[in-house]
Amino acid sequence: TILCPIPHALADHPAHQFPLLIIHRQCPNQGGTVVNAEYSVVADVLIRDEIIVAVKPNIQLTGGMQVLDATGKLVMPGGIDPHTHLDMPFMGQVSCDDFASGQRAALAGGTTMHIDFVLPVEHDLLAGLEAWRKKARHGVMDYGFHMAVTSWSNKVSRDMATVAAQGINSFKFFMAYKGSFMVEDDALLRGMERCAALGALAQVHAENGAAVAWGQERVAARGVTAPHGHALSRPAALEDEATGRAIRLAGLAGARLYVVHVMSGGAADEIAAARRHGQRVVGETVISALALTEDSMWDSNFTVAAAHVMSPPIRSTAHRASVRQALAGGVLQIVGTDHAVFNSTQKAAGKEDFRAIPNGVNGIEERLHVVWETMVNSGASTPSDFVRATSTAAARAFNIYPRKGSVAPGSDADVIVLDPSVRHVISAATHHSAVDVNVYEGMEVTGKVVLTLSRGRLVWDGTNLNVTAGSGRFIPMPLFQSSRPDDLGAVVPGTAPTCPSGHRVKHADTQRVATL
Ligand code: URP
Ligand code: ZN
Ligand code: ZN
């Protein structure tokens, strides 16, 4: 029985007017389904004070309960986008979604938490963290931070511990962007070693930066100025090589590794081999790798072509198929976006030279829909796989599960309702991001997020947003046990032999991270 249908206006749903019941049945044995990464069940979800307090069939309705009808729909944990760059200074521009506009877009697409990359200010981690805290002040949803490490010194090493103590358990190293963010292998190794000692996750942007710079020079010398020069100058081999190198260095340093934005089949193969050998490597791909192809960079319209410039580049149809396969088969576990948006005038900085086009594409709003269409509607993945890839695996990887990533008693009430029957078309005309183009323009999707609850507040009803500036909350991500052999709780020295290929052989599970 539906006691109170979904109101037409969000204003009828003021914050915290709860308990709130998401009900799944109009009559017994008919209705929607709670989908978690491990199981699906027809059940009601009871929310009180921002927390899910019960998930079970036929919860008794009492006075004062608000009821949202999810009949025929799927009730899932809100998405976690582990890879965003809001308000980021980069390549002479600042990405044009700030925390307010980017997070509004996220909520409209069913993502209820994102993890943004803090960039050091002049290589100073603490100054970077301070700057990012200010940027996030006007946020409207939960967020966390990764910390980029762009140089190496004793101070950086010390500051990593300070940063970690403030709820950041992942450090990212750029193997590309020579002359700005890139670190050489010695800094990378030392940084990975420090991650291992702290119990943090080492992340890499895996491209051979020296070879990219060489490739860019070569392509430009041949007179190529247009956006497709970007694709020509940094082929998949450079991503594959860097991924393999990062894996081997992480094995040496004893660090758990997280490879961000895997775009090539070869990089996925490197991760598969490492995991086969028992090495702890998490592979993240992004929706642009799942849905797009490099052909757009050859578009004769500069605005369209430049909009598709990101690094590593969007690749061929064959790579797209390989990345989809790797995700479906579990070689890659997580789908992010790398949402880093620059509007057409910003992208025009590279009108005469592809090397000056600020790198980045949109996706924070489109992610769930693109994954649903490319993976679930195609038959490659199940709805539970979808939940795992868009939410649960990230919550596990960053040590915030089951607070996030689950529709279960005790979890934060970050919940979405997806109607698998609603067909819609992605467009810049209707998206909520501040960017003026959309790389998924015209993509048809069957399946739409029709409700988003952020910590129990109904913030998106499928048409309208109702958010409060400043309501976003920083979610601290605790460190794991150290994975250094000589640190507390880790493996006994000598029990982590190396196989002939150089991959570390699987040893005792001392980490919570990843049954990924
Ligand atoms: O093109 C991209 N990916 N821009 C954002 C920075 C990065 O490399 O993640
Ligand atoms: Zn990157
Ligand atoms: Zn990125």
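Visitor: Why is Ser-406 called buried?

Guide: In this predicted model, Ser-406 has a relative accessible area of 7%. The cut-off for a buried residue is under 20%, and 7% falls under it, so Ser-406 is classed as buried.

Visitor: Where is Ser-406 placed, and which residues is Ser-406 in contact with?

Guide: Ser-406 sits in the loop between helix 14 (383-397) and strand 20 (415-425). Apart from neighbours within four places in sequence, the contacts of Ser-406 are Asn-36, Ile-52, Pro-77, Tyr-401 and Ser-411.

Visitor: How do you know whether Ala-305 is buried or exposed?

Guide: The relative accessible area of Ala-305 is 0%. Because the cut-off for burial is under 20%, Ala-305 counts as buried. This residue belongs to helix 10 (residues 302-307). Not counting residues up to four places away in sequence, Ala-305 touches Pro-227, Ser-296, Met-297 and Asp-299. Between Ala-305 and Glu-294 there are 9.3 Å in space, C-alpha to C-alpha, for a sequence separation of 11 residues.

Visitor: What share of the chain is made up of buried residues?

Guide: Of the 516 residues in the chain, 61% are buried. The chain has 14 helices and 22 strands. Among contacts with a separation of 6 or more, 77% join residues 24 or more positions apart.

Visitor: What makes the arrangement around the zinc ion (ligand 2) irregular?

Guide: The 4 donor atoms around the zinc ion (ligand 2) subtend angles of 56 to 148 degrees. Four donors count as tetrahedral if all angles lie between 85 and 135 degrees. The value of 56 degrees is under that range and 148 degrees is over it, so the tetrahedral class is ruled out. Square planar requires opposite donors over 155 degrees apart, and the angles end at 148 degrees, so the arrangement is called irregular. As a reference, the ideal angle for four tetrahedral donors is 109.5 degrees.

Visitor: Which residues coordinate the zinc ion (ligand 2)?

Guide: His-205, through ND1, and His-261, through NE2, coordinate the zinc ion (ligand 2) at 2.1 Å. His-205 belongs to strand 16 (residues 201-205) and His-261 to strand 17 (residues 257-262), so the pair ties together parts 56 residues apart in sequence. Both His-205 and His-261 are buried.

Visitor: What makes the site of the zinc ion (ligand 3) irregular?

Guide: The angles among the 4 donor atoms of the zinc ion (ligand 3) are 86 to 142 degrees. The tetrahedral class ends at 135 degrees and the square planar class needs opposite donors over 155 degrees apart. Because 142 degrees is over the tetrahedral limit and under 155 degrees, neither class applies, and the site is irregular. His-83 in strand 10 (residues 79-84) and Asp-338 in the loop between strand 19 (334-336) and helix 12 (344-347) are 255 residues apart, and this pair links distant parts of the chain.

Visitor: Which residues coordinate the zinc ion (ligand 3)?

Guide: The zinc ion (ligand 3) is coordinated by His-83 (NE2), His-85 (NE2) and Asp-338 (OD), at 1.9 to 2.2 Å. Along the chain, the donor spacing is H-x1-H-x252-D. His-83 and Asp-338 are buried. From the zinc ion (ligand 3) to the zinc ion (ligand 2) the distance is 3.7 Å.

Visitor: Which residues are the closest to ligand 1?

Guide: The closest of the 13 residues surrounding ligand 1 are His-85, Tyr-177, His-205, Ser-311 and Asp-338. An N or O atom in the side chain of Asp-338 is 2.5 Å from a nitrogen atom of ligand 1. A polar backbone atom of Asn-359 is 3.1 Å from a nitrogen atom of ligand 1.

Visitor: How do you know that the span of helix 4 agrees with the number of its residues?

Guide: Helix 4 (residues 185-198) has 14 residues, and at 1.5 Å a residue it should span 20 Å. Its end C-alpha atoms are 20 Å apart, which agrees. The buried residues of helix 4 include Ala-187, Leu-188 and Gly-191. Their cover includes helix 3 (154-165), strand 15 (170-174), strand 16, helix 7 (236-253) and strand 17. Just after helix 4, Gly-199 has a positive phi of about 85 degrees.

Visitor: What makes helix 1 mostly covered?

Guide: In helix 1 (residues 99-108), 8 of the 10 residues are buried. Among them are Phe-99, Gln-103 and Leu-107. Strand 13 (111-118) and helix 2 (125-136) are included in what covers these buried residues.

Technical notes. Residues are numbered from 1 along each chain as its sequence is written. Chains are lettered from A and ligands numbered from 1 in the order in which they are written. This is a predicted model: local features need pLDDT of at least 70, side-chain atom pairs count only at pLDDT 80 or more; totals for chains, interfaces and linings use all residues. Side-chain values use heavy atoms; hydrogens and water are left out. Donors are N, O and S atoms within 2.8 Å of the metal (3.2 Å for Na, K and Ca); water is not among the atoms, so sites may look incomplete. Four donors count as tetrahedral if all angles lie between 85 and 135 degrees; four count as square planar and six as octahedral if opposite donors are over 155 degrees apart and all others between 65 and 115; anything else is irregular. Helices (H or I, at least four residues) and strands (E, at least two) are DSSP runs, numbered from the N terminus. Buried means under 20% relative accessible area, exposed over 50%, partly exposed in between (1.4 Å probe, protein chains only). The expected span of a helix is 1.5 Å times one less than its number of residues. Contact means heavy atoms within 4.5 Å. A residue is near a molecule or strand if one of its heavy atoms lies within 4 Å of it. A polar contact is a pair of N or O atoms within 3.5 Å; within protein, one must be able to donate a hydrogen and the other to accept it, and residues adjacent in sequence count only if both atoms are side-chain atoms.
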